[in-house]
Protein chains: 2
Amino acid sequence: MATHELSTSGASSTGKSSEDRETRARLLYAAARLFAERGYARVTVRDICKKARANVAAVNYHFGGKDGLYRAVMRHAMETMQATTEAAREAGRDLPAADRIRAYVSVFAERLLGVHHETWIHQLMLRELSDPTPALTMVAEEVLKPRMVYLSSAIAELLHCAPDDPKVLRCALSVTSQFNSLLWTKGVAKLLDAEDGVPGSVDEIAEHIAQFSLGGMSGVKSR
Amino acid sequence: MATHELSTSGASSTGKSSEDRETRARLLYAAARLFAERGYARVTVRDICKKARANVAAVNYHFGGKDGLYRAVMRHAMETMQATTEAAREAGRDLPAADRIRAYVSVFAERLLGVHHETWIHQLMLRELSDPTPALTMVAEEVLKPRMVYLSSAIAELLHCAPDDPKVLRCALSVTSQFNSLLWTKGVAKLLDAEDGVPGSVDEIAEHIAQFSLGGMSGVKSR
DNA sequence: TGCCCATTCAAACAAATGTTTAATACAATT
DNA sequence: AATTGTATTAAACATTTGTTTGAATGGGCA
């Protein structure tokens, strides 16, 4: 179980850059997509290896087991999500609170729905939330918490109240929950009536969430 | 796989009301809670039978297999959710659009968080959304769709536009997504900072969601 | 060339899991 | 009392699944 623990960098002693970490990278890629699509329990190592065109033993060799592979995938996902949080923070720098929230929403909509981004990462994260693995604690501490802290500061400024006011947390959850729905509605909305997820382009969706959220907080403020 | 298909009513030919459908009911109850807690794949029939104090073969005898048991659980859950939709509809009868939405939010908050209701049902449903099984199609058609249709009518009235306007669907998703977050935040919020899920009593949470949603739609309307 | 090392591969293993089977118990009916 | 049909049970079965093993491969280097 813990024999091959520090295999993150794998076999990087001798730099055979061509085929060396080729299979390792393929395994990571295949596993990421499968874990995001079906969840940890519904994916077998044989599925992963088949998709990655690798031998069954490759997972244990490179990652020490299925758990280690999942953790490696999660590490990559967490780094990307932290970068997303940082991008949102940067996009709103020196802006008033309402515009900081607009920037936050815009960045997240682009990363969650934009064609150029790895959308599987966010699906994997959402899955980790609704179906916790031992990695959840780490995710909550290093990804979710900074994100909520930043969002809460803007919301508190908007509501003219302290950042630890219960209203702030409730509003922050109301804002972020709309992004979660963007992900799972992808698979459901087509069963309802929409042809392909939430209707509209990425910009339209971002515009909607920003307007809805700002209006919502205005409604909460003027109770 | 399909040997015991119509075993919903099970062995009800002779009415031995004492111990007859006792194990069957215990299996249903135990399976419902376990499926809601861990999801289909992470629950074994041995887990269910142990919790229900039944033999391993009992699942196959009464439900024809793990699949049949899950379907039976889903049937029960769907009936309860349809009743919830109907209760929300009834609570808002003959009320103006804004009050219909307030009533809708109030009913759902009570059923999702109230101590007297079977909260596991909604957790199971949310899990079905993020982790679809073959039962999803049925759920979407018979539960989600009527719910969205009703909610959309009120929203369309509020926004002064047609019910099939993309704005309406986006707003409906923004409203319902806040309820989804109520469920999964139960397991996460305590890792962030809140002590026990979203802060506040059931009424306070319902009040927040109503204000946030109505304010949000007001913001969308006055673009 | 010959040795060393990381990597890959087919095969096998042990544990877990959904399902089946045959026997038994029990209550109602004939 | 004998029979019938349902329910329960322990044991076994067949598959799946994560992991391990030992041999083979192939490139770099003395």
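Here are a few questions and answers about this predicted model.

Q: What makes Leu144(A) the site of a kink in helix α7 of chain A?
A: The bend at a residue is the angle between axes fitted to the seven residues ending there and the seven starting there. At Leu144(A) there is a kink of about 35°, and the proline Pro146(A) follows shortly after.

Q: Which residues of α7(A) are called buried, and what makes them so?
A: A residue is buried if 20 or more other C-beta atoms lie within 10 Å of its own. The residues of α7(A) that meet this cut-off include Val139(A), Val143(A), Leu144(A), Met148(A) and Leu151(A). Arg147(A) is also among them.

Q: How are helices α5 and α9 of chain A described as a pair?
A: Two packed helices are described by the angle between their axes and the distance between the axes. For α5(A) and α9(A), the axes come within 9 Å and cross at roughly 145°. The crossing is right-handed. Among the residues making the contact are Ile101(A) and Val105(A) of α5(A), together with Ile205(A) and Ile209(A) of α9(A). By class, the contact residues are 11 nonpolar, two polar and two charged.

Q: Why are chains A and B said to be related as by a two-fold rotation axis?
A: Chain A is superposed on chain B by a rotation of 180° with 0.0 Å of shift along its axis, with an RMSD of 0.1 Å. The two copies are therefore related as by a two-fold rotation axis. In chain A, Gly216(A) has the C-alpha nearest the axis, 1.9 Å from it.

Q: How do you know that the same surface serves both copies?
A: Of the contact residues of chain A, 100% recur in chain B.

Definitions and conventions
Residues are numbered from 1 along each chain as its sequence is written. Chains are lettered from A and ligands numbered from 1 in the order in which they are written. This is a predicted model: local features need pLDDT of at least 70, side-chain atom pairs count only at pLDDT 80 or more; totals for chains, interfaces and linings use all residues. Helices (H or I, at least four residues) and strands (E, at least two) are DSSP runs, numbered from the N terminus. A residue is buried if 20 or more other C-beta atoms lie within 10 Å of its own, exposed if 12 or fewer, and partly exposed in between; C-beta atoms are placed from the backbone. Axes are lines fitted to C-alpha atoms, for helices over the stretch in contact, and angles run from 0 to 180 degrees between N-to-C directions. A crossing is left-handed if the near helix is turned anticlockwise from the far one by less than a right angle, and right-handed if clockwise. Two residues are in contact if their C-beta atoms, placed from the backbone, lie within 7 Å. Ala, Val, Leu, Ile, Met, Phe, Trp, Tyr, Cys and Pro count as nonpolar, Asp, Glu, Lys and Arg as charged, and the others, Gly among them, as polar. Copies are superposed by least squares on the C-alpha atoms of residues with pLDDT of at least 70 in both.
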